[in-house]
Structures are given as C-alpha cells and as structure tokens.
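I opened the model to go through its chain contacts and a few helices. These are my notes, in the order in which I looked things up.

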Amino acid sequence: MNIFNIFDEITQVDPEFHERVSPRRTAIRNLASMGTKVAAATLPFMLGSLFKKAYGQVPTDVTGVLNYALTLEYLEAEFYTMGTAAAGLIPVGPPQGAIATIRDHEIAHVAFLKQVLGSDAVSKPEFDFTAGGTFGNVFTDYDTFLALAQAFEDTGVRAYKGQAGLLKGNQVVLTAALQIHAAEARHASHIRQMRRARGGAAAAQKPWITGANDSGIGAVVDPVYAGEDNVSQAGVNITSLNGIEGKLSANAATESFDEPLTAEAVLDIAGLFIK
Amino acid sequence: MESSIKKTNGQPLPSDRPTETPVRRRQFLQYAGAGAAAAVLVAWGCKKDDPGPDMGGKGFYFGSGDIAILNYAYALEQLEAAFYTEVTSNPYGSISDWERALMTDIRDHEIAHREFFKAALGQQAIDSLTFDFSAVNFSSRGSVLATARAFEDLGVSAYNGAGWLIQDVNYLALAGKIVSVEARHAALVRDLIDNGSFANDEVIDANGLDLSNSPTVVLEVAAPFIKSKIDVTDLPTY
C-alpha cells in the first residue's frame, strides 16, 4: 500500500481529487472525517516547546498528529544515521545490515510524512542523544546504542498507538499511521533480539514486552514502559481466561497487548533528547 | 488497490461509508497484490483441491458494522491460535528450547486474543471455527515457520487494513494494541527463517509502510484453511 498510489488511483476515477487535496493543509482537513469533531483545546500538543510551531500554525488534529509523528521519526532517523556513521560502533555483518534497514525505514518515514504535510511540516529539532550526558557513550558503546534503540522503538510503537483515535475513520491517514506503527513494532522485535544476543543485562529480552520495564536498562526508561503491565482489556481480565494449561499467565496477558502512551508521556521522553 | 477502486464503479472512494462487498471465491486469484503472505497461501490454496468455505453458514454470521469487524478479528485469532496450539503440541523434531519457548509464547498471545474477543463479543461472537491445516507439514521446521510467517504477515495486514472501518474508538484502540504484537511475532518468525528479514521489502514498501489488506482480500487468502461455512455478507470491506 502506498499513499501516493492511492492518490493516483483516486485521481483516475475522480479528476477533481487533486484540486481538492491542494493545498495540503486543506487536504488533510478534508481527509479527517473526525477533524472538526475534536476540539483543538483537547489536543495535548501544547506541552513542550517542540510542538509550538505545528500547533500554532495548524490547529487541526490530523496535522498535529502527523507533525507529532514526524518529530519522532526525525529523532529515530537521526539516531540511526549517526549510529551507522560512527566508526566501529556496530559490528559488521548482520548487525550493520539490520541497523541500516531500520535507518532507511525511519528516513523513509520522515520523507513520507514531510511529503504528506507539505508546508505544514515542522522543522527537525536539534537532538542530544546523550540526554544531557546520561548516555554519554551512546555512539561509542554498542550496548548503550542498542538500549536506546529499543527504548525509541518501543516508545514509537506506543506513541502511534496513542494517536490512532484522532485519526478514526480516515482511510488514508489512519491506514498509513497503522502501517508505520507496525513497521516500528517489527523494528522493536528485532532490536530486542539483538540485545538478547548480546547477553548481560539484556539476556532475558524477548521480542515482545513483558510487564513493566523488562528492558534491563534500568529505572531511567521506566517511563517508556509505564503501564505495560496492564492485564485488563475492555473490562476483561486476561488472566481470568483459559489457556492451554490453566489460566493465561500474567506474562502472557501483558505481552499479548501493547499499551498506548499519551502524547504528554511521549513528549516527556522525547524531550530528554531534544536540545 | 486496483480491485477496490473498480468496486466503486467510477465514483470517488467514500471516506465514511465502506462498500459492503460479499467475498467471492472466484476472485481468489485476482488479488495478486495481497503481498508476500498472500502469495505463499495462494500457492497452497491452489495446490489443494479444496472448494474453500461456503460463505453462508448460520452459526458463523459475523454481524454488521463494528461487531462484524470484531468477529473478523476473532476468526483470524482463532486461526492463529489453532495453528500454534498444533505447533506446540506436535513440535517439529529439531525444535530448540528457545524456539519452543517462542512458539509457546506466541500460542498464548493468540489464545489471549481469541479468548478476549470471545469474551468481549459475548452473545454476538461467532461459533468456534474448524480449520484445515492439511497443507502444513508440522514435522517440518520449514513448513511450520513459513506458515507462521504467512499468518503473521497476513494478520498485520488485516488489522492495518481494517482500522479505518472501525467506528468505535475503543475498538480501534484494542485493534492497535493487538496489531503491534502481531508485528512483533511476524518479525521474530521472519528472523527465525532468515535473520535480518524482519522487515524486508516483502513487507515494507519504499515509504517505510507495512502491509495493509482489505477484509475481502484477507479472507480470500485465509479461505483454504477455514472449513466452517462463514457468512460475511454484512462485513464492512472495500
């Protein structure tokens, strides 16, 4: 699925489509079936100076979500670009191949979101991946680099999930957001396997999230995993359901559902890495 | 996408009123664009001389609107749970402890999803489906993992493609909670087959987007594995 292919195909049956979707701002507003129903005041994007530009310029929910996503993708794209450029950081062979794959996806996400947003796109912030010195060896120590990669990927998955509701009913934008969301989850799964293979504090890592903060990184990433120990979905306690051998375990209950993060929580995390 | 555009009969795609197109077995081979998962499953479906489900059973009427989409998800989770239950009860001979643990975890996740939908749907849930896994050689690691990869990639594409059809924001949130777990599974299974293939260009396009398929496409791909007569005449699709 390619959003621009969709535009092309719609154009073939609806020649006026391009006129309706230009300028981009109008396009995004039109595509948002729920756009006018969600009061701008309920949007959480006012938190953090990072989003002032987007919020100030385009106070519509869908554009806000897309700029929020773009900022997270800027962060990831630059992180992996710097990581792959750091000599001797990532072992040659499969590790370099995997990180390059992920880097290229994040760069593609940035380009994609910028193209969708057009002139409404926020600028790339300046990043500090040491988080003020907390991760001073991020680009010289492979394990630190992987630990941050995992934190960013798991955060990204949770961030997209948290905004899906604002895109409800929007075939083009919600579908694209879900498609990016799933790509981030694939990345997270692989990074977790890479960390497990490294052993040490990450030796017990699984491709999925077990309970609250299973990362082995420490309390510094507690906010990334806050709430992942939830075992109740829509009023159904998953541990009350039957598995193969008795009830489903608490581990299975937490692993089988990834939890969303609010934009406020994501911005608090991302803000640590933004100058 | 081509087929969905055709179904609009020249009109622009409605953004809020999905067309309701009954699944037709004869369209099976038209969906060449259904992705790598589809390609694998289509190949198997064609090898078998199975007529596939007769879409008209009464115990398996999915309902309409969001209920139908939840039953659609429930059906897919039943399929995955049944598959991994068989994998773990009859593991391939060379299975390592780590792979056995992974398959057991995934089985329990799919059972959690299945049982959750059953509980959430209550009286509106379809009956338990019966499946035909005769195309799978459970004693072969290659056959099992290729099937797992196909099911997981298909599941990811299904949730991605059905998200916009969901009217209730709470149901949408639940779908979001599940799809990323399916994507974690898909990446893991792909890496077990070929390390580094977790997100290759079979599943991620040039824009960095994962797979997406309409309910019609997904059910056609899954059809050879479903023995029960399902009725999806009122399932929203496009």
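The entries below cover the interface, then some elements of chain B.

**Entry 1, status.** I note that this is a predicted model.

**Entry 2, interface extent.** I looked up how many residues of chain A are in contact with chain B. I found 65 residues of chain A in contact with 63 residues of chain B. I took the buried area next, since the size of an interface is often given as the accessible area lost when the parts come together. Chain A and chain B bury about 5300 Å² between them. Carbon and sulfur atoms carry 65% of that area.

**Entry 3, polar pairs and charges.** I then asked how many salt bridges the rule finds across the interface of chain A and chain B. The rule finds six. One that I looked up joins the side chains of Lys206(A) and Asp105(B), with an N to O distance of 2.8 Å. For polar contacts across the interface, I have 23 residue pairs, with both residues at pLDDT 80 or more.

**Entry 4, the chain A side.** I listed the elements that give two or more residues to the side of chain A that touches chain B. They are α1 (3–13), α6 (94–117), α7 (142–163), α8 (171–198) and α10 (250–255) of chain A. Which of these gives the largest share? It is α8(A), with 19 residues. I also sorted this side of chain A by class: 32 residues are nonpolar, 21 polar and 12 charged.

**Entry 5, helix α6 of chain B.** I checked the length of α6(B), residues 169–193. At 1.5 Å a residue its 25 residues should span 36 Å, and the end C-alpha atoms are 36 Å apart, so the two agree. I find 20 of the 25 residues of α6(B) buried, so I enter the helix as mostly covered, buried being under 20% relative accessible area. At the start of α6(B), a side-chain oxygen of Asp168(B) comes to within 2.6 Å of the backbone nitrogen of Asn170(B).

**Entry 6, helix α5 of chain B.** I ran the same check on α5(B), residues 141–162. Its 22 residues should span 32 Å at 1.5 Å a residue, and I get 31 Å between the end C-alpha atoms, which agrees. α5(B) is also mostly covered, with 19 of its 22 residues buried.

**Entry 7, Asn71(B).** I located Asn71(B) in helix α3 of chain B, residues 65–89. Is Asn71(B) buried or exposed? Its relative accessible area is 0%, so I enter Asn71(B) as buried. Leaving out residues up to four places away in sequence, Asn71(B) touches Tyr61(B), Phe62(B), Leu121(B), Gln124(B), Ala125(B) and Ile126(B).

Key:
Residues numbered from 1 in each chain as written. Chains lettered and ligands numbered in written order. Predicted model: local features only at pLDDT ≥ 70, side-chain atom pairs only at ≥ 80, totals over all residues. Heavy atoms only, no water. Contact = heavy atoms within 4.5 Å. Buried area = accessible area lost by both parts, 1.4 Å probe. Salt bridge = Lys/Arg side-chain N within 4 Å of Asp/Glu carboxyl O. Polar contact = N/O pair within 3.5 Å; in protein donor to acceptor, adjacent residues only side chain to side chain. Nonpolar A, V, L, I, M, F, W, Y, C, P; charged D, E, K, R; others polar. Expected span 1.5 Å × (residues − 1). Buried < 20%, exposed > 50% of the residue type's maximum accessible area, 1.4 Å probe, protein only.
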